[in-house]
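Me: I have a structure open and would like a close look at one part of it. Could you walk me through a salt bridge and its surroundings, in one connected account?

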Amino acid sequence: MLHDNQTAVLEIGQANMQKFPLFHAVAAIIYAEAGLADEARREGEVFVSMRPDFLPNMLAEPAMRNMQPGERDRLIEGLRKAGLAGPDPEKMASTATGTSDPQPR
């Protein structure tokens, strides 16, 4: 995830970690970043089938893994690029700064 899409696509294709749900999330993000929409969608579907609870808890899951706000936002944006629903970007920004806006917009 060093912004080297070509190497990332090559390496994710060689990895054999199919039984780990987050492998599929990372693969979906890598493919989406590289413009490989069909592959991103396929990996995203596998991830959701393995971890249907992750997307509804998109903000809490990274916090449980001690992800920094910037890393969390990049993960969420990558999943959105892969076609997976995620939280509203405004909500992401408000949680990254430690504020919350309880009023719906």
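Reply: Happy to! Let's start at Lys81, which is partly exposed, its relative accessible area being 47%. Please keep in mind that this is a predicted model. The partner of Lys81 is Glu33: the two form a salt bridge in which the closest N and O atoms are 3.0 Å apart. This pair ties together distant parts of the chain, since Glu33 sits in helix α2 and Lys81 in helix α5 (residues 69–81), with their positions 48 residues apart in sequence. Glu33 has 36% relative accessibility, and because the partly exposed class runs between 20% and 50%, it falls there. Lys81, at 47%, belongs to that class too.

Now follow Glu33 into its own helix. Helix α2 (residues 21–33) packs with helix α1 (residues 5–14) at an angle of about 145 degrees, and their axes are 9 Å apart. The crossing of these two helices is left-handed. On the α1 side the contact is made by Asn5, Ala8, Val9, Ile12 and Gly13, while α2 contributes Phe23, Val26, Ala27, Ile30, Tyr31 and Glu33. So Glu33 takes part in the contact with α1 as well as in the salt bridge to Lys81. By class, the α1 and α2 contact has eight nonpolar residues, two polar ones and one charged.

Back in helix α5 (residues 69–81), we can turn to another salt bridge. Asp73 pairs with Arg72, their closest N and O atoms being 2.7 Å apart. Arg72 has 9% relative accessibility and counts as buried, because the cut-off for that class is under 20%.

A further pair lies in helix α3 (residues 37–50), where Asp38 and Arg41 are three residues apart, about one turn of the helix. Their side chains meet in a salt bridge at 2.9 Å, N to O. Asp38 is exposed, at a relative accessible area of 55%, whereas Arg41 is partly exposed, at 42%. The count of salt bridges comes to five.

Finally, here is the setting for these pairs. The protein chain has six helices and zero strands. Of its 105 residues, 30% are buried. Among contacts between residues at least 6 apart in sequence, 47% join residues at least 24 apart. The accessible surface of the chain comes to about 6800 Å², and carbon and sulfur atoms account for 54% of that area.

Definitions and conventions. Residues are numbered from 1 along each chain as its sequence is written. This is a predicted model: local features need pLDDT of at least 70, side-chain atom pairs count only at pLDDT 80 or more; totals for chains, interfaces and linings use all residues. Side-chain values use heavy atoms; hydrogens and water are left out. Axes are lines fitted to C-alpha atoms, for helices over the stretch in contact, and angles run from 0 to 180 degrees between N-to-C directions. Helices (H or I, at least four residues) and strands (E, at least two) are DSSP runs, numbered from the N terminus. A crossing is left-handed if the near helix is turned anticlockwise from the far one by less than a right angle, and right-handed if clockwise. Contact means heavy atoms within 4.5 Å. Ala, Val, Leu, Ile, Met, Phe, Trp, Tyr, Cys and Pro count as nonpolar, Asp, Glu, Lys and Arg as charged, and the others, Gly among them, as polar. Buried means under 20% relative accessible area, exposed over 50%, partly exposed in between (1.4 Å probe, protein chains only). Accessible areas come from the Shrake-Rupley method with a 1.4 Å probe; for residues, only the protein chains shown count as cover. A salt bridge is a side-chain nitrogen of Lys or Arg within 4 Å of a carboxyl oxygen of Asp or Glu.
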